[in-house]
Structure formats: C-alpha cells, structure tokens
Amino acid sequence: MATAFPFSAIVGQDEMKLALLIAAVDPKIGGVLAFGDRGSGKSTAVRALAALLPKMKVVAACRYNCDPDRPAEFCEECRVSAAKGALKSAQVPVPVVDLPLGATEDRVVGALDLERALARGEKAFEPGLLARAHRGFLYIDEANLLEDHLVDLLLDVAASGENVVEREGLSIRHPARFVLVGTGNPEEGELRPQLLDRFGMSVEVKTPDNLADRIEVVRRRDAFESDSDAFVTKWAKDEAKLRRKIMIAREKLSSVSVPDVTLERAAKLCMALGTDGLRGELTLMRAARALAALDSAKTVTDDHLRRIAPSALRHRLRRNPLDDAGSSVRVDRAISEVLR
Amino acid sequence: MTGAAVWSDAVTAARLFAVDRSGTGGVLLRSRAGPVRDRWLALLRAELPPSCNVKQVPLNIAEGRLLGGLDLNATLLAGRPVAERGLLAEADGGVIMLAMAERLSAATTVHVTAAIDAGETIVERDGLSLRMPARFGVIALDEGVEDEFAPASLRDRLALHLDLNAIGIRDAEEFTLDAGETAAARARLPSLKPDAAQIEAVCTAATALGIASLRAPLLALRIACSSAALTGHSSVEREDLALAARLVLAPRALVFPAADEAAPPEQPPPTEDEANEPGAEDQISDTDRALDEVILAAVQAAIPDDVLAALGAAGRSRSRSSGKAGALQKSSKRGRPAGVLRGALRAGARLNLIETLRAAAPWQPLRCREASGSREESRPRILIRKDDFRISRFRQRTETVTIFLVDASGSAALHRLAEAKGAVELLLADCYVRRDQVALIAFRGSAADMLLPPTRSLARAKRSLAGLPGGGGTPLAAGLDAAFMLSDSVRRKGQTPTVIVLTDGRANIARDGGQGRPRAEDDAMSAARQLRAAGVAVVLVDTSPRPGASGEAIAKEMGARYLPLPHADAATLSKAVLASVG
C-alpha cells in the first residue's frame, strides 16, 4: 500500500483531527462522520489515522481479531482452541478497513469460501470486511453514496456488535465491533437519518480560507509527493508523540471523573437543542471524557463540553429544511446559553 | 481569445498531459463530437508513447467490468477463483477515455475518482479481495450543452479544462508534433520542482480567484512542471506558471479580484488600467512584477471579457448539484436478494454459486464418465455446464408513499369535492397496484386532519375518503405543514414521499387559526417554501372553476407541477396526475 500522509502534518482541520483522536481513545463513542468540501483532506486524515494508531494484541492467526485478554468475547474458533490450551497472541496494526463503494454483500458480511467449495466441495466460511474491521475502523468514503442494502446491513451490525451470517447454507456469527468512519460531500446526496444517527460525532470540513494555511497545505503535499519517505521520517517524531498521547489517554480514560454538575449541563444542552433520544447525552458525555483524558485532566469540565458539543450534537438536531446551514449555529447558540 | 488561440492552448494542453498523464489528473474536453474533437484526440494519440494503453469507458459500463471481479470462465476451468482485472486496473500506466462524461452516473464517477486519488483500485466483490495499481490519466469527453456538466468531483481532479465548442475546424490547424520531444520532456520531469515562492504565488492567485479546492493549485503546479519539462527549462519559470494559470486556474475562477479586495495587501492586484489592457504578452514579460500578479494577469487574459464582467465580487456559481445521486433507481442487479433463477451470465448478472454447485452436483458422476475419454489432468474437478448457472435476482426498495392533501373547505366543496374524491379513489387504486403506500390528509375549518396514516389498505383509504365532510374555511398553510411533517417522517423510514395537493389555492385561514386572506396567504407561501426546501415532489391540482394566479403562485413557491383542471371528471383528473407523477 502507498505510504500514508502523516497525521500530524495535516494543516488545520482541528475539529476533524480531534474527533478522530477521540474515537481512537474511546471506540465506544461510535465513529466519526466528516462531511465537507472537495479536496479538503478528509480521506487523507482517515488514512493517516491508520498509520498513527498503536498496535493491538490479538489471538495469533484468528480471523476475527479476537482479544486474548477477553475470553468472554471470543469467536467460535478461539473458544474451541482456548479449551484445548493456551492461545498464542500477536501484535498487529489496528485494522482500518476500506468499505469501497461497489462492494458486494458477500464481501461485506463474509460468505462461502469459493476456492474450497470449488476445489474440494467443502462448505467453509470466508470472513468479510466486517470481520476484518473488528476492534478497528471501518472506513466508508462517500458514505452518502453507499447502496441502501449495505447501509441496512451496517446499521444492524453496528447496533449489535455482532455479525450474523445466514446465507448459502452457512450459519455463522462472530463479533464485529468497529468504529465507523464516513466521509462525503453533502452536494452529492444526503445520508439516511438512521445511518447519520449511528455516528457518534459529525464534523464539518471546510477548505482552509486563510492563505497561509492554504500555502502550507500545498507545500507539504508537494513535499510529500516528491519524496514521501523523507517526509514521513521528518514527521516521525511528532507522530510518535501523538501516538503516546493516545495510549496514555486510553489508560486514563476510566479514571476520569464526570461530576454531576457537568452531567446536568450536558443534559440541559441536549434539552435546549431538542435532540432526539438519549444517545446525544451519552455521546456528549463520553466524548468529553475522552477529550479530558487526551488533555490529561482528571475531571471533565465545562470547557471540554464546550469544545466537543458541536461535533457530538450537530447531526442530532431535528431537521428544519428552511434552516439547513444552521445546525452548527444552533449548537453554538445553545452552548453559549447553557454553558455560560 | 480567438479560435486559433484556443486551439493553440488545446494543443499545448495535449502535450502537457502527455508529459505527465497521471500527475495532471487529465483533461476535461468540453466539445461536441465532431472533426475538431477528433483532430485533438488524434493529436493526443500521436503524443502518447506507442506502449500507452488507451481504454474507452462507455457510459453504461457495468460496475463489475470497471472494477474487476471473478473471471467466471477461468474460475470454472481452473476449479479455483480466478480474478479478472477491471478496466481501471487494466488502464494502469495509460489513459482512460470517459465517453459522455456529462451523463456519468454517480457510481461510475465515484469509482474513477477513488482510483485517481488512491492510484489503485480496491475490489471487494464476488468473494474476492484485491488491490490493484491503477494510475492513469483521464480524458473526460464532456458533450454537455448549457448547464449540463461532467460531475463536479471529477472536474475538480482533472487539471486541464478545455472548451472546444466555440472553435471551427478552420481554426484547428493540424500540427505535426515531435513525439520524441514529449518523451524527452517526460524524462526531464522528475528533476523539476516548484520552489517555495512559486507555491505561495499559485496559492495566493487561486485564493484571489475564489477557487476553494486545494487541488487546483496543486494541479497548476504540476502543469507548471510539465511545461518546464516540455520547454526544456532547468527549473520552473515564470512563463510556466503563467501557462499553468491560464490552463488550470482560469477555467475554475469564480471571482476576479477587484481593485481593493481578495488579494493580499502586500501585493496589490492589477489596477483598473492594467485590467483593461489587452496585451497579455507584455504583462507577462514584465519580470519586475510579483509572481502572483503574473499569474493573475495570465488568468485574466484567458477569460473572455464578457465572462470577466460577469465575475463580479459576488462571484458566479459554476457548481451544480447533481441531484441524480439521491434518486432511487430500479435495478435488477442490486438491492435485496429476491430469489434465484436459472439464467445466462450476462453483464452484471450475479452468479449464485452455491445454487449453481447444487445444480451441478447430481450430474458429476455422469459427466465425469462422459469426459473420461479426455486427458485426465486437463479436466476440471467439477464439471459445470451452462444449464447449471443460477442467477441471484435482486429487488431494490423503491417504495413510495403518495400523500394526498385534499382541500375539503367550503369553497372547494362547492366546486369539486365529489370529483376530487373520485379522482383520489382512482389514484389510490393505482397506488395499490404499484404496492405504494398512500396517506390522506384533509384540511377544512381551521386545521388539517390526518385521515389516513400511510397504509397499503385500499379499503381503509376508501372508507376514510367517503366519510370526508366538506365545508368551512381553507387553512391551506396548516394542510401544507401537515403534508411536510408527514413527508419528513416518511423519508426517515427510507421511503420516498410524493405529495398530491388538490385545492383551489384560496387560503383564508392562517396558521394560528386566525381569519384574513393576506395573512393566510403569507402563511401558505411559507409552508410551500418549506416543502420546496425539503425537496419533496409535489403536484398541485387546481380544482377551482377558474384556475387563477393564487394556485399557480403556491405551486411555483413549492416547486410543484401545476395542473389546472377546471372541468375534468374524476378519470381525467387521475390520469393527469399519474402522468405528471410519472
């Protein structure tokens, strides 16, 4: 695969970068949707994240990336081999799996292994992208153009954390918990509300309008394209620093406390905005906590709420088509009213 | 610019593209099919090295062919999955030619742009998982007229935008080019890099021209490098940048900086006097001027005067929302599986392998015996014949919900309520045949009532319609609001709403129930705008005896089809509505 552009070398786009980092710290938040202008580096950031993430521990040769430290969540195969004896573990890069448009259902959920069916007449399961993305990221570029039947499938799996395959005479279930990352350009079509709701955070990406930033973007891109290895080496130190920050934040996450006052404010904020359901509050709280962990703070403060609320709530407002561009504005207004 | 100048630029563009095919993204060639375009394409072909692959992509190319997938013949012969390269991967190192780019489907566009971005295709199809290099240049043949354009996401990625529509064959004189020169330029290209000041100047100019995408300055810099390679410069020179600006930035410009805005303060933009100066040549040769001014001047010279005048500070939107992507399409190739059929393997048909194998299984001993005469080792392990093929069928959910909004007010009741009811009944029957859902909202007195939530039950619909009383005021705003809310919730379910309004358009009750025509009409207008903004398909049937301005105004406000049907009976009414709903 081609060398990825270093995450730390991305100019600006702070909101998107922060949302991706938060998703990396706490995968339970439910993914990131980045919608915005053409050529603003959305895909670049996601691919950069893949290279940035610290490695994870898996059961060696497990096709579903099982975590050796969590036997309760093992797949069938690991359960069987764990009963026989100790499992070998291995360190692998966190998977960032592309769900390309035009993918067929059999490759997404997994299907009958064609080779074995043809060569030996055996009925064997070949895991799909969902299995590969377990404990990692599933990335959909142009998420708004994804076929409906694939969207339905994703919604189901994202909600249950488990992929149930009943097809071609196979009956398989395996864990599939992943962080959904979608990018797209709103001009080309909207996202189904159900899928929108699955994303924990949504960010709006704009091309930088400040000249110095624009020049820096083009300059770095040019440097990267002319000698990517040298460019990556140059940024390796910053990348390592950021990677360490993610790891520390993950460790600290459970010890970050959320005071009742902050919870109350989060609830008030959601009420002021009239977000549907409790998912908004939950995500807001979790994201603020992950942000606090990234900041090495011990407690979540109003400032954390303020910084993350737009990303966590913007896509949960009841739509008012006459006031389309205004969802960010509405969140900002509510923030300034509630979090004085 | 004169026709000859446009042609000369087009020739230059062909050469620049030939020097760096994948780096420049490609050429958007806006031109009708004809001798001029043919001549340009011939010229380009001569510039490309003989080994360069040129792949034609027809408009309706099947997804499997574009991306690659399972090679069925080879798979069956070998007894193991054999992948087939798609057209994009086959074009690696070469050029793809997109025919009728202005009609390119969203799916094809996405696959092409994804390959341009990644330099490879990622295939997850037919049980295969492949990554294949796909670095190619694109020639997009855009035959659009007026506001038909190739998709914006594709245009953004192609450096060179040419418009040959305006020039005649007489302008397009034939050039004999030295292909060896292009090859030499290709060899020189890797050593050419823009310096920091040049990057800055191009970015500054692009910003001043209102070009938001950062791909534009990047592509302009690549073109500048190609140009330097072609002219044999040892580094990127001013004239290379000027040429890049003319070919890459000018066609994308949205605004032209006025005397006192948009340009950075330390480098004042050209003054009015300069802007009116036609002689671009002497401006460019003026080496004392700042680099970005050189670029802006080059852009200015490339934009026709009338267009330049139109590029006010407010800008001019050249973008276009495609609108095609959101529409649901009927398809037998995707969607929910809907059974398996015996069938031939035509393009796009999905083989259902397990069913195919099941069909073939009972015959294996027989076929093996039959084939035993042939060489043992060349015989595939499983003998599958054409009759065994089983094709998956798919059905895409295209369920629509037709929302009837019926005016049951006194004024409408007097005129036409009976006919309207009859028409709605006929329409309901038709919706029922298509398995569409229907909903019915009536408005009269001071409010709108949902008489029938979305349902497939024809009997219920008929009953609620028959019991519809008439009389009272016309709360049109309340009715439209109710239709809007319902279509919003329909959409949330993944269905497509269509609203059919039967009214005489004479609103006289405001949203808050207050009387008075002006206020009622204002409210109705704002409710109508809401429907339009939501992008719901609406048909407004004006049932008043003298269809007047009020109905038409409301229809216009909500972007609806307007059907004045003063004397129609139920059958004609339903026929007209059906025709316009499509």
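How many helices and strands does chain A have? Chain A has 14 helices and eleven strands, where helices (H or I, at least four residues) and strands (E, at least two) are DSSP runs numbered from the N terminus. This is a predicted model, in which local features need pLDDT of at least 70 and side-chain atom pairs count only at pLDDT 80 or more, while totals for chains, interfaces and linings use all residues. Residues are numbered from 1 along each chain as its sequence is written, chains are lettered from A and ligands numbered from 1 in the order in which they are written, and side-chain values use heavy atoms, with hydrogens and water left out.

**Chain A overall**

- Of the 340 residues of chain A, 54% count as buried (under 20% relative accessible area, with exposed over 50% and partly exposed in between; 1.4 Å probe, protein chains only).
- Among chain A contacts (heavy atoms within 4.5 Å) between residues at least 6 apart in sequence, 75% join residues at least 24 apart.
- The exposed surface of chain A is about 14900 Å², and carbon and sulfur atoms supply 50% of it; accessible areas come from the Shrake-Rupley method with a 1.4 Å probe.

**Nonpolar cores**

- The largest nonpolar core (buried Ala, Val, Leu, Ile, Met, Phe, Trp, Tyr and Cys residues joined through side-chain atoms within 4.5 Å) has 75 residues, of which B:Trp7, B:Trp40, B:Ile139, B:Leu164 and B:Leu249 touch the most other members.
- Helix α10 (residues 215–231) of chain B gives this core its largest share, eleven residues.
- At least three residues of this core come from each of domain 1 (1–72 + 83–170) and domain 2 (186–318) of chain B; the domain bounds come from an automatic or database domain assignment.
- Beyond its neighbours within four places in sequence, B:Trp40 contacts residues including B:Trp7, B:Val27, B:Leu29, B:Ile139 and B:Leu164.
- Another core, of 63 residues, lies apart from the largest one and has A:Met201, A:Val205, A:Leu284 and A:Val300 among its members.

**Strand β1 of chain B**

- In strand β1 (residues 26–30) of chain B, five of five residues are buried.
- β1(B) runs parallel to strand β8 (residues 137–142) of chain B, joined by five bridges, and B:Leu28 stands opposite B:Ala140; strands pair if DSSP finds at least two bridges between them.
- β1(B) also pairs in the parallel sense with strand β9 (residues 160–163) of chain B over four bridges, where B:Val27 has B:Leu160 as its bridge partner.

**Residue B:His111**

- B:His111 lies in helix α6 (residues 106–118) of chain B and counts as buried because its relative accessibility is 6%.
- Not counting residues up to four places away in sequence, B:His111 touches A:Leu101 and A:Gly102 as well as B:Glu63, B:Leu66, B:Leu67 and B:Leu88.
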